[in-house]
Each structure stands twice: as C-alpha cells, then as structure tokens.
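Me: I'd like to go through this model and ask where its labels come from. Could you set each value against its definition?

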Amino acid sequence: MSTTDKAPAATGMKDRIEAVLAKTPTGLLIDGQWRDASDGGTFEVENPATGEVIATMASATREDSQAAMDAAADAQESWARTPARERSEILRRAFDLVQERAEDLALLMTLEMGKPLAEAAGEVKYGGEFLRWFAEEAVRDYGRYLDTPEGNLRMLVTHKPVGPCLLITPWNFPLAMATRKVAPAVAAGCTMVLKPARLTPLTSQYFAQLMLDAGLPAGVLNVVSSASAAAVSEPIMADPRLRKVSFTGSTPVGKQLMKLATDNVLRTSMELGGNGPLIVFEDADVDKAVAGAMAAKMRNMGEACTAANRLLVHESVVDEFVEKMAAKMAALTVGNGVDDGVSVGPMVEAKARDSVEEFVTDAVERGAKVVVGGARVDGPGYFFQPTLLRDVPVDARAVTEEIFGPVAPVVTFKDEDEAVALANATEYGLASYVFTENISRGLRIGDRIEFGLMGLNVGVISNAAAPFGGVKQSGLGREGGAEGLHEYTTTQYIGVENPWANVPNPGTGTPA
C-alpha cells in the first residue's frame, strides 16, 4: 500500500475549505433560529487527517434541549395537519438542494470525518435518495376502509404521525444517517429534535439549514449539537410530550436509551452494532467475492455497521482468495481524503485508531498472520494501514467484536453447517454477505443465518427503498423503504355504524 504526503492542501482546496466552513452554521437551531448555547459553552471539531480544529460549535445544555423540545411540541399540531403534498414538496426541494450543494456536503464530511472525497460524494448521493424516496412515500401512506366480518361496523383504519421525535445520529455517515431519520419524520408529519454526533456535527448543521431553505417551517426540525450527549438526550426523553426516539450507534448506548424510553413508553428505533460475516463458498466466483469483500470491508475505512467484519472462506479457496484480496488491499492509498488518489482516509479520532491497533495485536498474539499492513501510519492524523489477517482463531477479538476499522480477518470453514454456525456465533445480527454460484444454496443460507440484511453475491446493499435494520442485539425497527415511514406513524381505528345496518332489504335500499 502507499501513503500520500500529508502536507497542507493546495491553495485552491484551502479556499474551498474556508468557503464551506463559512457557510456552515455553528449555533443551535431552535424554533427556526440559529443561536448560541444558553451558557455560552462551546466545543471544537477536529479534522482527523490533520489534527487541526476546523470549527467551534455551540454546546447545547439541558436548558437548550428543553427549548428545542418546546419548539417541537408547539409545532406538532400544525405540522401534522399540513397536507401530505406540501410535506412531499418540501422534501423534493431539499433533494434538489442536496444535488446543487453536493460538493459542499462532500467536502464537509471529508473534513470532519476523514473519508475520501469520492466516498463522501457517494454518501451525498445515497443520503439524498432518502429525501426523494420519502417525498414520494409521503402521499402514499394508505389506510383501510372495510366492513367488519360481522357486517355491523365499518372500519376506518388510518395512520397518524407519532408525534415529536428525538433523532440521534452517529459520526460515520453524517449526512445519510440524518436524512434517513429526518426524511420519514417530515413525510409522516412529525416534528424533531436532532442530536448529531459530537465528532461530526457540521454536515448535520449544514443539512438543517438546507431544510429551512427548502421551506421547512420553524420548529419542525431543531438541532442541538453538544459536547455532552446526556445533557441533551436525558431531559428530552424524560419529557412526556416526546413520542419516539430513533438512535443509530453502539449497542451499549442503545440499551441505555431503551431503558430511559421505558419510563414514558416511547416508540424506539434502534440501529446498533454489527459483526457481519462475509461467507465465501467453494463454488464462489473468487474474483467477484474479493470485489464484494473490498466493498463491504473497506467502505468508509471499515467504519460502518454494515462492514464485513469477518471473512469466512472455504478452506479449498482460501489461498486464492487471500492472494487476490492482499493484492487489492496493498494497492490502496492512505492519506488525507481531500487529496487526489486517496482511497483510505484516517480513523475518526485517536481512540478509534488505537482500538484498531489493539485488535491486530490481539489476533497476532493468538496466532494470526499479517498478510498486508498491520500498523499505524505516522501522523499528523489518525491513520492505520489497510490490514489483511489470515489463520485468525475464532476467539480473537477481531472475530468476536466489531472492529470498525480497515482490518479484515480471514477464518476458514469446511462445510455449509460450519459456515452457518460461525456466522451466527455472535450477539449481533445486522448485515451479512454470501458468495456462491448456487442460488438455491444462497437462499437457503438466507433462511439459516440470523441477520436482518444479506447481500447475495454483492458487497453493498443499502438503498433508500429497502428496509434497513437488524435482529438480536443489532437493534429494533427498520429505516428506509415503506417500513421506514411506518416507524413514524401510529395506527388509529375508528369504528362507525355500517350504513346498511338499518336497511332490511339492501337490494332496494329501502330504509326500515
């Protein structure tokens, strides 16, 4: 693998960076207005490729979070009564603005999170699709109107907005995770308080202003970035006016939020940790499997809940697979994501890089062999080499825990039953991948493995039109697809007298 010279960006890029940062709000968005924190507190945002501070943000307090909740609650009734077509048009305008401002959004993500510009541009496209999809779904939230089986009542079944929502997004996909939550809430008629990740708030702040520019009324979307997640989430979740919390992040934090949600019996959507297997059978197209593994493992530097955390490869093809995978990983270029030709950016912070290093050290101590990489890259910034490990024992931390970095451990298996057992040997159940030329086997594995998502001969499966979510300790609920809208609605049934109930001769229509 190669590394780029991590020197300061060229003058043209510096000008672009200064321009986009100048456009990005750094305050709190409450009731349609950007403002400072109530106590004047701030926190800093760092570029993980350079270690430099790129923005100073207002840090929301408990009082600020309460003000945001007040604004959301006050706006809920009028927003719920806003026609679906109007909500749809706002989302469509927001989609168009995302396309117009794609370069700004991509650059912001690269600056605050580290991913290469090409990947950031891909996230802009992916994130924008949630706005377009839910713009279309907003006017198609169908109910039912029919007789009861006994014929004594007519059933009117309708979907209503669940009410004010707390949306908590992670740092690894700053735009897509915001649009995946905000778009269905807008479509359903819910107001929101959005809490972006402390490490990457800038993209969410820019996106929130974009939503205002698209015509979203004041109070519908409020944004409270903060150095303290608890200062924001705890008072809002204790508020009896809150109706739903949607969280994407780690399983331990998700469990804590679920405990808080029980006090007010809140609707919850939880997209939590993952430990995704990628299974390569003996009949797989190895080149296709390697391409899929590179996409599923190295997307976002491996900092993705859908990442292929464990590569389970049949013993008869493991040598060929490792040789070809090693060549691909060795060809990757590590460096600052704003530079040309970079394919692997930094880890989001020093703690993340150190954690990845610990996974590699543990695996090697247990007998794994380093095929490619295996070490951190000297700073500035928090870089780690793309790393391929083989002969990794199943008790290594890189197999049993979520890596969240550019490390690919290879484990071998003998037959289908062992592959399924290895895949299911985790408390997580989010994404999985299977490579086989036998479609019946692929579908059979889909029935047997305990994961909410499965890619069959493909390494990237996320799509705004598809329901995204996991089982076991990977979470509850689904985002995207028609299911994503339903997560923000509640079902109401109204029973009315059957209009034919008092007509003795329905054929004539003559009343009693």
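Me: What space lies in the largest pocket?

Reply: About 1,200 Å³. That volume is the space filled by probe spheres set on grid points joined across faces, edges and corners. One caution up front: this is a predicted model, where local features need pLDDT of at least 70 and side-chain atom pairs count only at pLDDT 80 or more, while totals for chains, interfaces and linings use all residues. Residues are numbered from 1 along each chain as its sequence is written, and side-chain values use heavy atoms, with hydrogens and water left out.

Me: What makes a residue part of the lining of that pocket?

Reply: A lining residue has an atom within 4 Å of a pocket point; the pocket itself is an open set of points on a 1 Å grid over the protein atoms alone, where a 1.4 Å probe fits, with protein on both sides within 12 Å along at least five of seven lines. There are 43 lining residues here, and Trp171, Phe247, Gly249, Ser250 and Val253 lie nearest the centre. Two or more residues each come from α8 (229-237), β11, α9 (251-263) and α12 (350-365).

Me: Which element gives the largest share of the lining?

Reply: α9, with six residues. By class, the lining has 23 nonpolar, twelve polar and eight charged residues. Trp171, Phe247 and Val253 line the pocket and count as nonpolar because Trp, Phe and Val are on that list (Ala, Val, Leu, Ile, Met, Phe, Trp, Tyr, Cys and Pro); Asp, Glu, Lys and Arg are charged, and the others, Gly among them, polar.

Me: How do you know that β8 and β9 pair, and which way do they run?

Reply: Count the bridges: a pair needs at least two from DSSP, and β8 and β9 (192-195) have four and run parallel. So they pass. Leu167, for one, has Leu194 as its bridge partner in β9. Between the two strands the chain goes through helix α6 (176-188), and this β-α-β crossover is right-handed. Right-handed means that, with the strands pointing away from you, the path from the first strand over the helix to the second runs clockwise. β11 (244-248) is joined to β8 by four bridges as well, again parallel, and Val245 there partners Leu166.

Me: What makes β8 a strand, and are its residues buried or exposed?

Reply: Strands are DSSP runs of E with at least two residues, and helices are runs of H or I with at least four, numbered from the N terminus. β8 covers residues 165-168, so the length fits. Cys165 and Leu167 point one way, Leu166 and Ile168 the other, and all are buried.

Me: How do you know that Met301 is buried, while Asp391 is partly exposed?

Reply: Buried is under 20% relative accessible area, exposed is over 50%, and partly exposed is in between (1.4 Å probe, protein chains only). Met301 is at 0%, so buried. Asp391 is at 37%, so partly exposed. Glu427 is at 37% too and also counts as partly exposed; Glu427 is in the loop between α14 (416-424) and β21 (431-435).

Me: What is phi for Met301 and Asp391?

Reply: Near 60° for Met301 and near 55° for Asp391, both positive in residues other than glycine. Most residues other than glycine have a negative phi, and most peptide bonds are trans, so positive values get flagged. Met301 is in the loop between α10 (286-298) and β14 (308-314), and Asp391 in the loop between β19 (387-390) and α13 (397-400).

Me: What makes the bond from Gly379 to Pro380 worth a look?

Reply: That peptide bond is cis, with omega near 10°. Pro380 sits in the loop between β17 (376-377) and β18 (383-384).

Me: Why are β16 and β22 called edge strands?

Reply: Each has a single partner strand, so one side is left without a neighbour in the sheet. The sheet is open, with seven strands in the order β16-β19-β20-β14-β13-β21-β22 and mixed pairing. Its twist averages 25° from one strand to the next, taken between axes fitted to C-alpha atoms, with angles from 0 to 180 degrees between N-to-C directions. Within this sheet, β19 and β20 (407-413) run parallel with three bridges, Leu389 partnering Pro409.

Me: Which sheet has three strands?

Reply: The open, antiparallel one, β6-β7-β24. Nine bridges join β7 (153-161) to β24, including Arg154 with Val496.
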